[in-house]
Amino acid sequence: SNVRSQWSGTWESRWTITVSGGSANLSGSMKTFTQYSEFGNAQFKTSMDAPSVSVSFSDAASFGAAVEKKIRFAENAYQQSLGDTTEETSQETVAALKRLRRNMPIT
């Protein structure tokens, strides 16, 4: 079967920027909710708080570009960690889900 068609999910990111003069402080959090349905209905929730980082800028254009770069870096790192975890545990997860599956009685 096509394993990709068995997964669905959502991603939520929230970022806070505090500006003071020519610098800003950026902090945020990321959450995912995934659902796997091939061998039943398993739901997985993950979250990560991004460490607070300083953002320097000289004008509005450089501010936007600097903030976008910091957010992209944090979200890419989180997504990579999710991918690594999924690859490492996918076979174990499938085996565990098969064991959890309720056997239907033969009538």
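This report walks through the fold, the sheet and two strand residues of a predicted model.

## Overall make-up

Let's start with the whole chain. The protein contains one helix and three strands, and along the sequence these elements follow the pattern β-β-β-α. Of its 107 residues, buried ones make up 19%.

Two further totals help to set the scene. The accessible surface of the protein comes to about 7,900 Å², with 52% of that belonging to carbon and sulfur atoms. If you take the contacts between residues at least 6 apart in sequence, 55% of them join residues at least 24 apart.

## The sheet

The three strands form an open sheet in the order 1-2-3, with antiparallel pairing. Strand 1 (7–20) and strand 3 (42–56) are the edge strands, each pairing on one side only. From one strand to the next, the twist averages 10°.

## Strand 1 with strand 2

Strand 1 and strand 2 run antiparallel and are joined by 14 bridges. Good places to look are Trp7, which stands opposite Tyr36 of strand 2, and Val19, whose bridge partner in strand 2 is Ala24.

The hairpin of these two strands has two residues between the strands. In this hairpin, Gly21 takes a positive phi near 65°.

## Strand 2 with strand 3

On to the other pairing: strand 2 (residues 23–36) and strand 3 also run antiparallel, and 13 bridges join them. Tyr36 is worth a second look here, as its bridge partner in strand 3 is Ala42, while Trp7 stands opposite Tyr36 as well.

## A closer look at Thr32

Thr32 is found in strand 2. Its relative accessible area is 9%, so Thr32 is buried. The side chain of Thr32 also makes a polar contact with the side chain of Thr46, at 2.2 Å.

What surrounds Thr32, leaving aside its neighbours within four places in sequence? Thr32 is in contact with Thr10 and Trp11, with Phe44, Lys45 and Thr46, and with Tyr78 and Leu82. Thr46 therefore appears both in this contact list and as the polar partner of the buried Thr32.

## A closer look at Ser29

Ser29 lies in strand 2 too. Is Ser29 buried or exposed? At 19% relative accessibility, Ser29 counts as buried, because the cut-off for that class is under 20%.

Setting aside neighbours within four places in sequence, Ser29 is in contact with Glu12, Ser13 and Arg14, and with Met48, Asp49 and Ala50. To place these residues on the sheet, recall that strand 1 covers 7–20 and strand 3 covers 42–56.

As you inspect the strands, one general point may help: in a regular strand, side chains alternate between the two faces of the sheet.

Definitions and conventions
Residues are numbered from 1 along each chain as its sequence is written. This is a predicted model: local features need pLDDT of at least 70, side-chain atom pairs count only at pLDDT 80 or more; totals for chains, interfaces and linings use all residues. Side-chain values use heavy atoms; hydrogens and water are left out. Two strands pair if DSSP finds at least two bridges between them. Helices (H or I, at least four residues) and strands (E, at least two) are DSSP runs, numbered from the N terminus. Axes are lines fitted to C-alpha atoms, for helices over the stretch in contact, and angles run from 0 to 180 degrees between N-to-C directions. Buried means under 20% relative accessible area, exposed over 50%, partly exposed in between (1.4 Å probe, protein chains only). A polar contact is a pair of N or O atoms within 3.5 Å; within protein, one must be able to donate a hydrogen and the other to accept it, and residues adjacent in sequence count only if both atoms are side-chain atoms. Contact means heavy atoms within 4.5 Å. Accessible areas come from the Shrake-Rupley method with a 1.4 Å probe; for residues, only the protein chains shown count as cover.
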